[in-house]
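Trainee: Could we go through a protein model together, one question at a time?
Mentor: Happily! Have a look at it first, and then ask away.

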Amino acid sequence: MSGSQTLPEEHDAQREMEQRSLRNVRSLLDRLEHEEDLERRTRRRIGWALLVAALVVAGGVIAWYALRGPEQSSRTITISVPSRP
């Protein structure tokens, strides 16, 4: 009868180890979730920054084309008219 039974101290020690293991796993999961949230926020911020930068560049290009005025050529082209005999 005494061969298969565990002592109360052994049972308490095993239960404490199980609880410590569960706390370690929970801590690891919490840390992983926190890191994932930080990565998601970072990706979102980078995306917004790239969008704003693209809009600023596009606005600058549009403003440059709108404000530069008509093109003026610095070359003079002379066309000679053939004379009639």
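The questions and answers below go through this predicted model step by step.

Trainee: How many helices and how many strands does the protein have?
Mentor: Good place to start, and remember that we are looking at a predicted model. The helix is called H1 and covers residues 8-67. Strands come to 0, and the helix count of the protein is 1.

Trainee: What span does H1 reach from its first C-alpha to its last?
Mentor: H1 has 60 residues. At 1.5 Å a residue, the expected span is 88 Å. The model comes close to that expectation, with H1 reaching 88 Å.

Trainee: Which residue with a positive phi follows H1?
Mentor: Look just past the helix, which covers residues 8-67. The phi there is positive, near 80°. The residue that follows H1 with this phi is Gly69.

Trainee: What percentage of the residues count as buried?
Mentor: To count as buried, a residue needs under 20% relative accessible area. The protein has 85 residues, and its accessible surface comes to about 8800 Å², of which 59% belongs to carbon and sulfur atoms. The share of residues that count as buried is 0%.

Trainee: Which residue forms a salt bridge with Glu16?
Mentor: Side chains of opposite charge can pair when their charged atoms come close. Here the closest N and O atoms are 3.5 Å apart, and both residues lie in helix H1, 4 residues apart, about one turn of the helix. Glu16 is partly exposed because its relative accessibility is 46%, and the partner is partly exposed too, at 41%. That partner is Arg20.

Trainee: Why are Asp37 and Arg40 separated by about one helical turn?
Mentor: An α-helix has 3.6 residues a turn, so residues three or four places apart point the same way. Asp37 and Arg40 form a salt bridge, with the closest N and O atoms 2.9 Å apart. They are separated by about one helical turn because their spacing in helix H1 is 3 residues.

Trainee: Which residue meets Glu36 in a salt bridge?
Mentor: The N to O distance of this pair is 2.9 Å. Both residues lie in helix H1, 4 residues apart. Glu36 is partly exposed, with a relative accessible area of 45%, while its partner has 34% and is partly exposed as well. The side chain that meets Glu36 is that of Arg40.

Trainee: How many salt bridges does the count come to?
Mentor: Two that we have met are Glu16 with Arg20 and Glu36 with Arg40. The count comes to 5 salt bridges.

Trainee: What accessible area do Val25, Leu28, Leu29 and Leu32 have together?
Mentor: These residues form a nonpolar patch on the surface. One of them, Leu28, lies in helix H1 and counts as partly exposed because its relative accessibility is 42%. Together, the patch has an accessible area of about 340 Å².

Trainee: Which residues form the positive surface patch?
Mentor: Arginine is the residue type to look for here. One member, Arg44, lies in helix H1. The patch is formed by Arg41, Arg43, Arg44 and Arg45.

Key
Residues numbered from 1 in each chain as written. Predicted model: local features only at pLDDT ≥ 70, side-chain atom pairs only at ≥ 80, totals over all residues. Heavy atoms only, no water. Patch = residues over 30% accessible without salt bridge, like charges linked within 9 Å, V, L, I, M, F, W, Y side chains within 5 Å. Areas by Shrake-Rupley, 256 points an atom, 1.4 Å probe, with all protein chains shown as cover. Salt bridge = Lys/Arg side-chain N within 4 Å of Asp/Glu carboxyl O. Lys, Arg positive; Asp, Glu negative; His and termini not counted. Charge placed at Lys NZ, Arg CZ, Asp CG, Glu CD. Helix = DSSP H or I, 4+ residues; strand = E, 2+ residues; numbered from the N terminus. Expected span 1.5 Å × (residues − 1). Buried < 20%, exposed > 50% of the residue type's maximum accessible area, 1.4 Å probe, protein only.
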